[in-house]
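Visitor: Could you take me closely through the pockets of this model, beginning with the largest one and what lines it?

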Amino acid sequence: MKKLVILFFLIIFFVSGCSFKNSDELVLATEAGFAPYEFYQDGEIVGVDIEIAQEIAKELDKKLVVKDVSFDFLINEVKSGKADFAAAGISITEERKKQVDFTDEYTVSNQVVVLKNDSTITNFSELENKKIAVQLGTVADLYVSDNYPKATLVQHKKYLSAVEDVKANKVACLIMDELPAKEIVKENPELKIMDGILFQDRYGMIVQKGNDELKKQINKVLKRLIEEGKIDELILKYSK
């Protein structure tokens with residue numbers, strides 16, 4: 001009988017993937033190619049969202065574990081329980097709310113158009129019929145599909161490959177968040193940002209549906225950081 005009990009627990013152990021979630025850890029899923037919110041620096045993932053997540057982990061007295069995945073996998077990571085929450089400049093949309101719960105918004109993003117310096121495009125209406133690069137799964141991806149139906153949408157896993165397409169004239173432009181766009185233009189002097197804001201976007205973090213306790217704790221930390229002006233400080237810190 002004792003052997004049967006041991007065998008039973010061994011089967012459960014292996015079926016569950018040979019590991020159980022560590023209750024002392026808080027797992028964050030992110031996509032580390034979205035400066036200043038999350039990006040690699042000296043082999044380490046840093047950025048605005050990472051420091052906010054560290055504050056959340058500290059509040060919960062847990063160790064933060066950061067998982068770098070593709071942006072379009074973030075919702076599944078949270079839904080499946082592989083991550084406790086996710087942050088990566090995730091736009092608050094009604095479609096995403098059907099799958100996960102959002103925290104309070106913690107920043108508003110301006111979406112802009114990145115062009116080559118010699119581009120003849122001067123206003124947003126000229127983007128119709130053009131090849132437009134976006135990051136797969138982002139709000140810009142959805143926006144182009146809805147607002148420029150005659151444009152050719154070129155989806156990229158990472159912004160860096162989209163930037164290379166713009167530089168190589170494979171696409172007319174790249175639509176993305178203003179802050180990382182400024183960082184990209186700073187590193188690539190042959191590029192520029194078109195005048196004006198294409199549209200605004202609101203960012204929140206996501207948790208599994210019904211995980212009200214974690215959402216409450218995250219909102220508590222976000223509220224404190226916003227009131228302290230800490231988030232604005234972090235955006236400026238990582239945008240330099």
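Guide: A pocket here is an open set of grid points, on a 1 Å grid over the protein atoms alone, with protein on both sides within 12 Å along at least five of seven lines, and its volume is the space filled by probe spheres set on those points. The model is predicted, and in it the largest pocket holds about 390 Å³ of space. Its lining is made up of 17 residues, and those that lie nearest the centre of the pocket are G33, A35, F39, L160 and I184. Several elements share in this lining, since β2 (33–34), β3 (38–41), α6 (159–167) and α7 (178–187) each supply at least two residues, while the greatest contribution comes from α7, with five residues. Sorted by class, the lining of the largest pocket comprises eleven nonpolar residues, five charged ones and one polar one.

One backbone detail belongs to this part of the chain: the peptide bond that leads from A35 to P36 is cis, with omega near 10°, and P36 itself is placed in the loop between β2 and β3. A35 is thus a residue of this cis bond and is also listed among the residues nearest the centre of the largest pocket.

Another loop to consider follows α6, a helix that supplies at least two residues of the lining of the largest pocket. In the loop between α6 and β11 (173–177) lies N169, which has a positive phi of about 60° although it is not a glycine. N169 counts as exposed because its relative accessibility is 55%, and the cut-off for exposed is over 50%.

The second largest pocket can be set beside this description, with a volume of about 220 Å³. Its lining is formed by F71, D72, L74, I75, I90, T93, E95, R96, Q99, G137, L142 and I206, and both α3 (74–79) and α4 (94–97) supply at least two of the residues in that lining. By class, the second largest pocket is lined by six nonpolar, three polar and three charged residues.

How values were computed:
Residues are numbered from 1 along each chain as its sequence is written. This is a predicted model: local features need pLDDT of at least 70, side-chain atom pairs count only at pLDDT 80 or more; totals for chains, interfaces and linings use all residues. Side-chain values use heavy atoms; hydrogens and water are left out. On a 1 Å grid over the protein atoms alone, a cavity is a set of points where a 1.4 Å probe fits but cannot get out, and a pocket is an open set with protein on both sides within 12 Å along at least five of seven lines; lining residues have an atom within 4 Å of a point. Helices (H or I, at least four residues) and strands (E, at least two) are DSSP runs, numbered from the N terminus. Ala, Val, Leu, Ile, Met, Phe, Trp, Tyr, Cys and Pro count as nonpolar, Asp, Glu, Lys and Arg as charged, and the others, Gly among them, as polar. Buried means under 20% relative accessible area, exposed over 50%, partly exposed in between (1.4 Å probe, protein chains only).
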